[in-house]
Amino acid sequence: MRSTTEARAQASPPVRRRAARLPAFASRKSTIALGMTLPLILIIGVLVLYPAGYAFYLALLSKSMDRFVGLANFDFLFRRETFWMVVKQSVIFAVSAVLFKALIGFLVAHCVHNVPARGQRKWRGMLLVPWVIPPAMSTLAWLWLFDPSYSAFNWLIQHAGGEGVPWLGDPYWARFAVILVNVWVGAPFFMIMYLAALKSVPEQLYEAAAIDGANWWQKLWYVTLPMMRNIIAITALFSLIVTFANFDIVRVLTNGGPVDQTHVFATWAFKLGIEGNDIPLGACVSLFMVPILAIAAIFILRDINRRGTEA
Amino acid sequence: MVTGTRAAVGIASRGSIGRDRRRALFWSYFFLAVFVIFFLTPPVYMLITSLKTSAEISAATSPWWVFSPTLANYVELLTSSTYLTFFRNSALVALLVVAITMLISIPAAFALSRMRFWGSATLATGVFLTYLIPDTLLFIPLFKIFAFVREATGIELLDRWWLLVIVYPTLTIPFCTWIMIGYFSSIPKELDEAALIDGAGYFQLLTRIFLPVALPGVIAATIFAFTVSWAQFLYPMAFTTSADQLVLPVGIVTTLIKGDVFNWGQIMTGALLGALPPLVIYAFLMDYYIAGLTAGATKG
Amino acid sequence: MARVTLRKVVKRYDETLAVRGIDLDILDKEFVVLVGPSGCGKSTTLRMIAGLEDITDGEIIIDGETVNDVPPKDRDIAMVFQNYALYPHMTVYENMSFGLRLRRAPKEEIRTRVQDAAAILGIGELLERKPKQLSGGQRQRVAMGRAIVRDPKVFLFDEPLSNLDAKLRVQMRTEIKRVHQKVRTTTIYVTHDQIEAMTLADRVVVMNGGVIEQVGTPDELYHAPATRFVAEFIGSPAMNLVPCHLVETSSGLGLHLDDNLVLPVPADRIRRYQPYAGKSLLFGLRPEYMVERRVHTGPHQFDFEVLLEVIEPMGMDTFVHFLVNGMDVCARVNASAGARAGQRFTLCADLDHLHLIEHDSGKVL
Ligand SMILES: Nc1ncnc2c1ncn2[C@@H]1O[C@H](COP(=O)(O)OP(=O)(O)OP(=O)(O)O)[C@@H](O)[C@H]1O
Ligand SMILES: [Mg+2]
């Protein structure tokens with residue numbers, strides 16, 4: 001032990017006298033902390049918050065952006081039939097897509113949860129593939145499957161004796177198609193979230209319910225759903241935001257057509273603002289996403305705060 | 001006699017449970033099969049088409065089968081300098097964005113989870129909220145800002161691939177910071193204190209304790225940043241136009257589709273190759289990929 | 001190795017005062033245990049000594065140097081945590097050598113020091129394992145090893161044994177004592193377990209509500225508690241406390257417990273208690289000093305009869321419970337004394353060990 005003691009005298013540096021008083025030491029810590037968060041603050045400030053605020057300003061300018069026109073752009077939009085069509089389509093698109101994603105995700109998650117544990121990984125692995133492929137790429141495959149002359153779906157239908165469907169040519173079918181593709185991309189995400197939630201429900205609860213004589217439907221209603229309520233809500237809210245702000249799928253699949261019938265806010269804003277060179281009008285359209293996003297964000301934030309206090 | 005009855009009851013009840021269970025299993029497998037077919041049809045169809053010649057694609061034969069498979073589409077794309085440029089741009093952008101994201105979000109997450117300072121809690125929540133601001137709200141003002149920078153300073157930002165390296169971090173950093181805060185917060189406080197007493201400074205605490213311990217989180221965040229950068233479509237669509245500045249998704253959509261002439265064999269090949277990097281990552285790091293996905297809503 | 005001095009140390013968290021002015025002098029090589037109920041400020045005190053918490057007011061001196069503003073790593077201390085806080089990604093060897101590696105000690109020296117420490121603790125075989133592959137007791141040893149390797153001026157322990165099961169706890173307790181006898185480093189040890197405190201400490205510091213109630217050797221605390229709190233806290237089962245009146249009797253002073261039990265105050269205490277005659281006080285006597293009737297061996301033994309309510313055989317001894325003045329009282333009798341619940345039984349109290357406590361101040365008179 002003596003050798004260790006001597007070694008210490010050489011190894012550990014002599015204790016330095018700190019001249020700094022406590023406040024200085026404490027403030028040094030928060031200076032370091034600020035330094036570590038500064039890049040984050042800057043990048044969010046300059047490239048997210050500032051543009052977001054700037055969008056509001058842009059929406060008040062004239063097309064050539066040399067004049068302040070107040071709410072004239074909004075007034076102009078409200079008089080256009082296309083605008084109301086886009087509003088309607090955006091809402092139908094987002095709500096129905098989220099609904100089907102949630103239902104399919106729930107069903108599939110249950111099925112995966114039901115099968116023997118050793119097979120679950122394999123099924124889960126295959127089922128998440130649509131979410132992994134970049135949507136712009138997978139939508140190209142759908143575009144090809146829906147091709148007016150070579151549609152592989154129509155080939156199947158025709159061989160079964162049916163009549164070919166104008167997938168992207170008819171407004172109603174086109175709306176169906178964009179929703180279908182969106183559900184295809186997004187349902188796996190719901191599946192994976194629900195599966196995680198299902199796995200976190202303690203098995204004893206089901207056993208207790210079984211002993212109390214619950215059938216599968218009652219177990220679902222009284223055990224599973226209450227335990228998953230939080231995850232279901234938060235996943236749906238997330239998805240609502242992402243779906244409402246969707247761009248890729250509509251852009252690649254229909255580009256808004258036929259005759260602007262499938263435009264959502266994002267694609268229409270792109271068409272007006274970037275392609276049509278009317279930046280203020282484009283900004284104006286994109287701003288209509290804000291209210292729904294804000295509402296969803298408030299709910300999500302509430303959930304986070306609640307969980308923060310529970311923890 | 002008594003034991004006999006009990007055994008019979010046991011078998012009977014086990015039998016009925018077994019029948020229920022079997023029926024549940026049957027329907028589970030049935031729906032799984034249906035949805036696997038639904039979910040995998042597009043990628044499989046991409047593969048089928050990519051192996052066909054243009055002649056076979058426009059022939060009247062079954063679109064669901066390849067009669068004379070060929071790798072011609074692959075060879076052609078992988079030797080086409082345009083496609084390789086897209087690929088290179090995508091790879092460069094994604095890798096640089098991953099690096100930037102990690103360099104910014106890991107220290108920030110460390111400071112926010114461990115070094116309480118004035119406003120740190122608000123900032124953490126604020127970071128998460130910015131994750132909810134979608135790209136579709138920002139691309140128009142950003143476009144205008146970049147155009148304005150050109151007018152003011154003469155620096156051309158638009159139609160430069162590296163602009164994406166500056167813009168993409170706004171999509172990746174908030175979420176990565178958020179999940180890293182979650183991972184860091186789950187490290188017991190005593191671990192830092194032990195390291196502090198052992199003589200570690202903040203930097204050593206981060207590099208020698210936090211990063212190794214939270215490695216799964218770092219991997220999940222890296223995967224997230226990479227896949228988001230790789231898949232991003234709107235920003236390159238809005239900010240880049242010249243063929244040599246495009247990244248894969250936009251490159252395929254805008255250049256392989258020339259007017260009305262759709263060369264579907266090549267489009268499908270390009271899309272499939274473009275989907276490959278995320279798919280490969282997913283195949284090898286599935287657990288981290290899923291951890292990153294679910295972290296947003298289940299952690300923090 | 002060093003002396004640690006606390007002068008009027010105060011710790012305030014926003015609105016709560018966790019530590020309210022502590023004065024303590026810990027000698028070189030001493031093993032001092034801070035003990036007290038949950039929330040009394042033990043950990044906070046220890047963490048201030050470690051430098052993990054800022055000191056609101058007062059002064060902490062280690063080895064002659066005021067360390068209020070010295071960061072933990074420069075205080076030359078080592079700490080063992082309740083949950084061990086082993087670095088999960090490092091092997092035992094790496095865990096133990098981390099502090100030395102950060103200080104850039106030579107490789108060869110690190111190796112000998114880790115091996116020395118591992119030999120002391122008997123964990124030489126485990127050096128290549130990760131913490132996950134260790135049992136609770138082994139983790140505990142590694143955590144101690146990490147502290148020993150650093151060879152610091154002071155060891156700090158914060159409830160190091162409370163995550164272990166009862167048997168292992170006793171074993172590790174001995175182990176800690178053995179290690180201290182070998183390395184003789186000044187040690188400050190926090191626990192809420194009074195048995196741990198009594199068995200380990202050179203001196204015990206009893207804390208309550210952010211202040212020190214008493215500092216003393218285990219023997220002093222047991223036999224001469226300074227306050228009601230210490231009297232109740234130290235000893236298991238706890239000291240019996242019964243309200244009483246100190247009355248003057250023909251032969252001196254008497255303790256009126258209830259109408260049929262008046263105990264005579266031993267002659268040598270009469271001077272001490274005289275000023276309190278006529279007051280109502282608390283009478284305290286440990287169960288150990290109430291036994292079955294036997295041949296008296298001292299002058300102040302007193303026999304009295306009680307009605308037993310509950311009998312708790314413990315093997316060698318039996319705890320018997322009865323009521324005095326409505327209060328549950330426990331005595332410790334020999335297992336063969338034939339105590340039965342519901343029966344009358346004669347006990348013998350050794351009044352040399354009685355304590356009288358003032359109601360309001362809680363002071364032992
Ligand atoms: N970080 C903190 N913020 C606010 N109050 C605190 C904090 N840490 C401790 N306290 C308060 O200070 C008091 C003393 O806490 P301390 O941890 O020192 O108790 P303890 O004696 O170690 O108890 P235990 O045996 O439960 O560990 C408690 O009332 C506690 O609530
Ligand atoms: Mg404590």
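The paragraphs below lead through a predicted model, beginning with chain C as a whole and ending with a helix crossing in chain A.

Chain C has 365 residues, of which 55% count as buried, and its secondary structure is made up of nine helices and 20 strands. Measured out along the principal axes, its C-alpha trace spans about 80 × 45 × 35 Å.

Enclosed space is the next topic. When the whole structure is searched, seven cavities of 30 Å³ or more are found, and the second largest cavity among them holds about 90 Å³ of space. Its lining is formed by 13 residues, and those that lie nearest the centre of this cavity are Leu257(C), Phe283(C), Met290(C), Val324(C) and Val329(C). Four strands of chain C each supply at least two residues of that lining, namely S11 (240-249), S13 (261-264), S14 (280-285) and S17 (317-324). In terms of residue class, the lining of the second largest cavity divides into 12 nonpolar residues and one polar residue, with no charged residue.

Strand S11 of chain C also serves as a landmark for a feature of the backbone, since the loop between helix H8 (228-233) and S11 of chain C is the place of Pro237(C). The peptide bond that leads from Ser236(C) into Pro237(C) is cis, and its omega is near -5°.

Two further backbone features concern residues with positive phi. In chain C, Glu159(C) has a phi of about 40°, a positive value although the residue is not a glycine. Glu159(C) sits in the loop between strand S7 (154-158) and helix H5 (166-183) of chain C, and its relative accessibility of 11% falls under the 20% cut-off, so Glu159(C) counts as buried. In chain B, Asp159(B) has a phi near 60°, again a positive value in a residue other than glycine. The loop that holds Asp159(B) runs between helix H6 (135-153) and helix H7 (161-167) of chain B. Asp159(B) is buried because its relative accessible area, 15%, is under 20%.

From these loops the account turns to open space. The largest pocket contains about 1300 Å³ of space, and of the 27 residues that line this pocket, the closest to its centre are Asn114(A), Trp216(A), Lys219(A), Arg21(B) and Ala24(B). The elements that give two or more residues to this lining are H4, helix H10 (203-211) and helix H11 (216-244) of chain A, together with helix H1 (2-50) of chain B. Of the elements involved, H1(B) gives the most to the lining of the largest pocket, with eight residues. Sorted by class, the lining of the largest pocket has 15 nonpolar, six polar and six charged residues.

Helix H4 of chain A, which contributes to the lining of the largest pocket, also takes part in a helix crossing. The axes of H4(A), residues 81-114, and H9(A), residues 171-199, come within 6 Å and cross at roughly 40°. Because an angle of this value is neither under 35 degrees nor within the range of 65 to 115 degrees, H4(A) is oblique to H9(A). The contact of H4(A) with H9(A) has 21 nonpolar, seven polar and three charged residues, and the crossing of the two helices is right-handed.

Technical notes:
Residues numbered from 1 in each chain as written. Chains lettered and ligands numbered in written order. Predicted model: local features only at pLDDT ≥ 70, side-chain atom pairs only at ≥ 80, totals over all residues. Heavy atoms only, no water. Axes fitted to C-alpha atoms, helices over the stretch in contact; angles between N-to-C directions. Parallel < 35°, antiparallel > 145°, perpendicular 65-115°, else oblique. Left-handed = near helix turned anticlockwise from the far one by under 90°. Nonpolar A, V, L, I, M, F, W, Y, C, P; charged D, E, K, R; others polar. 1 Å grid on protein atoms, 1.4 Å probe; cavity = no way out; pocket = protein on both sides within 12 Å on 5 of 7 lines; lining within 4 Å. Points joined across faces, edges and corners; volume = space filled by probe spheres on them. Buried < 20%, exposed > 50% of the residue type's maximum accessible area, 1.4 Å probe, protein only.
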